Amino acid sequence: VSNMFRENLQGDYGFNTDDIEEKKAAVSDAHSCIEREQPGFMKLPFEQDQVVDDIKDLRDAMIKEVDNFVVLGIGGSALGNIAVQTALNPPYYNENCEFRGASPRLYVPDNVDPVRFASLLDNLNLSRTIFNVISKSGTTAETMSLYLIARDRVAQEVGEEKVQDHFIATTSSSSGYLLKIAEREGFPEFYIPEDVGGRFSVLSPVGLVSSAFCGVDIEGLLAGAADMARRCQEEDVWNNPAYMHGLLHYLAYQQGKDISVMMPYSHQLKDVADWYRQLWAESLGKAETREGQQINAGQTPVKALGATDQHSQLQLYMEGPRDKVVNFIEVAEHDRDVEIPGFYDDLDGVNYLGGSSLGELLNIEKRATEMALSQRGRLNCTIKMPEVNPHTLGQLFYMLELETALVGELLDINAFNQPGVELGKNYTYGVMGREGYEDKKEEFEQQSRS
Ligand code: PA5
């Protein structure tokens, strides 16, 4: 949090000890609420021994028959899968069987884009493909339509009697159509705890099943999260990294920083930034009515990637509106490094690069960008990771989830619902002809005509 917390510096440049002290009591109150309510994500690192065993047993039983693992889900039922895969498996994992070993390729077509999904199905040998259909509600139109298409294609390819060998269902244990379908079809089932919302579910079977199939150490992920959970038990903001990071963002937001940019300097973490984008947006973007007045809360999260977006976004961050806080993620040791060879002794503008490594260059670029922003009084902070591994990734997920819960409390909004996305869904149901949504169809058609 280096550049957000500066002794004796005020205003746009950051916050000082007094700013934190002033909010200490509010953080303690928020902590008491969080402890009392115990949102489900807080239990995931500790209460899943049996789930982990079941996932590994299913993986061991199926893996020899599987070349492709496809996640059918959207939003919180997809983004965690992508984030873990990009962070912990090598780039080009799907393309290279040496990287994968015995593990299948992973695909997460998290959209109902016909071109993408049709091409994916055409590209897969469906007789050696498993689909994990993930939907907590078991009704999401995007996920269920992809499932219906996949089921039909699989049945055509392998025959009705073998359909059940190609699907897993990850859903609520007590309700929803996906559960009914899984029971009717005899699919293996994993359950999403009722008190774990989609965007907080990466460390539940939602993220763990694909990770285990793709060779990720899921116990390491959970152990990292448990480690962070223990570090974040303290109500004192000075001893709680999630609370400090959350409070600084809350203060930044109060100061008019309406945009939070997540900018890892590691390609491995680029999809963590995407996952964070959903977590922050859907949890904190809320309308509330207080004393008869409508409040619209929430900081807009933006994902960026260092160094790539230095050449795309940075100009705006340096000189555009002062409405942003930039969150860097710096990785001390990259999984691999590549030395830059020295050539062209006579060309000063190129030969200075020789003898350094790409990892060094990336980290120096991060620090240079940080310094440039700080010199311009542009609010920024850095999460430092020693390396990207299951343990540190589990820590990062947990820290960001807990700070989201904290900021929800500080803003006095419910971080765990998403009423704003229902209306659009209901129009879709109506127009697509779902029973019970006829009024929405009518409303939609009326509005479209006017
Ligand atoms: O965070 C959330 O709750 C949402 O993004 C959901 O994950 C998303 O809408 C998908 O819902 P479901 O898992 O019920 O299909």
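This is a guided tour of one structure, stop by stop, with a selection to make at each.

The model is predicted, so local features need pLDDT of at least 70 and side-chain atom pairs count only at pLDDT 80 or more, while totals for chains, interfaces and linings use all residues. Residues are numbered from 1 along each chain as its sequence is written, and side-chain values use heavy atoms, with hydrogens and water left out.

**Helix α2**

Begin by selecting residues 49–62, which form helix α2; helices (H or I, at least four residues) and strands (E, at least two) are DSSP runs, numbered from the N terminus. At 1.5 Å a residue, the 14 residues of α2 should span 20 Å, and the end C-alpha atoms are 20 Å apart, which agrees; the expected span is 1.5 Å times one less than the number of residues.

Now colour V52, I55, L58, R59 and M62, which are the buried residues of α2. Buried means under 20% relative accessible area, exposed over 50%, and partly exposed in between, with a 1.4 Å probe and protein chains only. Where do the buried residues lie around the axis of α2? They cover an arc of only 130 degrees, which puts them on the same side of α2, the arc being that of the directions from the helix axis to the C-beta atoms. On the other side of α2, the exposed residues are D49, Q50, D57 and A61.

To see what the buried residues of α2 pack against, add β3 (129–135), β4 (167–171), β5 (189–191), α8 (205–213) and α9 (218–231) to the view.

**Salt bridges**

The next selections are charged pairs. Side chains of opposite charge can pair when their charged atoms come close. A salt bridge here is a side-chain nitrogen of Lys or Arg within 4 Å of a carboxyl oxygen of Asp or Glu, and by this rule the count comes to 22 salt bridges.

Select D67 and R128, which form a salt bridge whose closest N and O atoms are 2.8 Å apart. This pair links distant parts of the chain, for D67 is in the loop between α2 and β1 (68–72), and R128, 61 residues apart from D67, is in the loop between α5 (114–123) and β3. D67 counts as partly exposed, at 30% relative accessibility, and R128 is partly exposed with a relative accessible area of 26%.

Move on to D122 and R153, whose side chains meet in a salt bridge at 3.1 Å, N to O. Here too the pair links distant parts of the chain, with D122 in helix α5 and R153 in helix α6 (residues 141–158), 31 residues apart. D122 counts as exposed, at 58% relative accessibility, whereas R153 counts as partly exposed, at 28%.

The pair D274 and R277 forms a salt bridge with its closest N and O atoms 2.9 Å apart, and both residues lie in helix α11 (residues 270–284), three residues apart, about one turn of the helix. D274 is buried, with a relative accessible area of 13%, while R277 is partly exposed, with 36%.

Finally for this group, select E330, K366, R367 and E370 together, since these residues are linked in a network of salt bridges.

**L79 and its contacts**

Select L79 in helix α3 (residues 79–88), where L79 counts as buried at 12% relative accessibility. Which residues is L79 in contact with, leaving aside its neighbours within four places in sequence? They are D110, D274, W275 and Q278, contact meaning heavy atoms within 4.5 Å.

**Backbone details**

Most residues other than glycine have a negative phi, and most peptide bonds are trans. With that in mind, select G306 and A307, which are joined by a cis peptide bond with omega about -5 degrees; A307 lies in the loop between β9 (300–303) and α12 (314–319).

Next select Q38, which has a positive phi of about 40 degrees although it is not a glycine. Q38 sits in the loop between α1 (17–37) and α2, and is partly exposed, with a relative accessible area of 28%. D412 also shows a positive phi, near 60 degrees, in a residue other than glycine; D412 lies in the loop between α15 (390–411) and α16 (422–432) and counts as exposed, at 52% relative accessibility.
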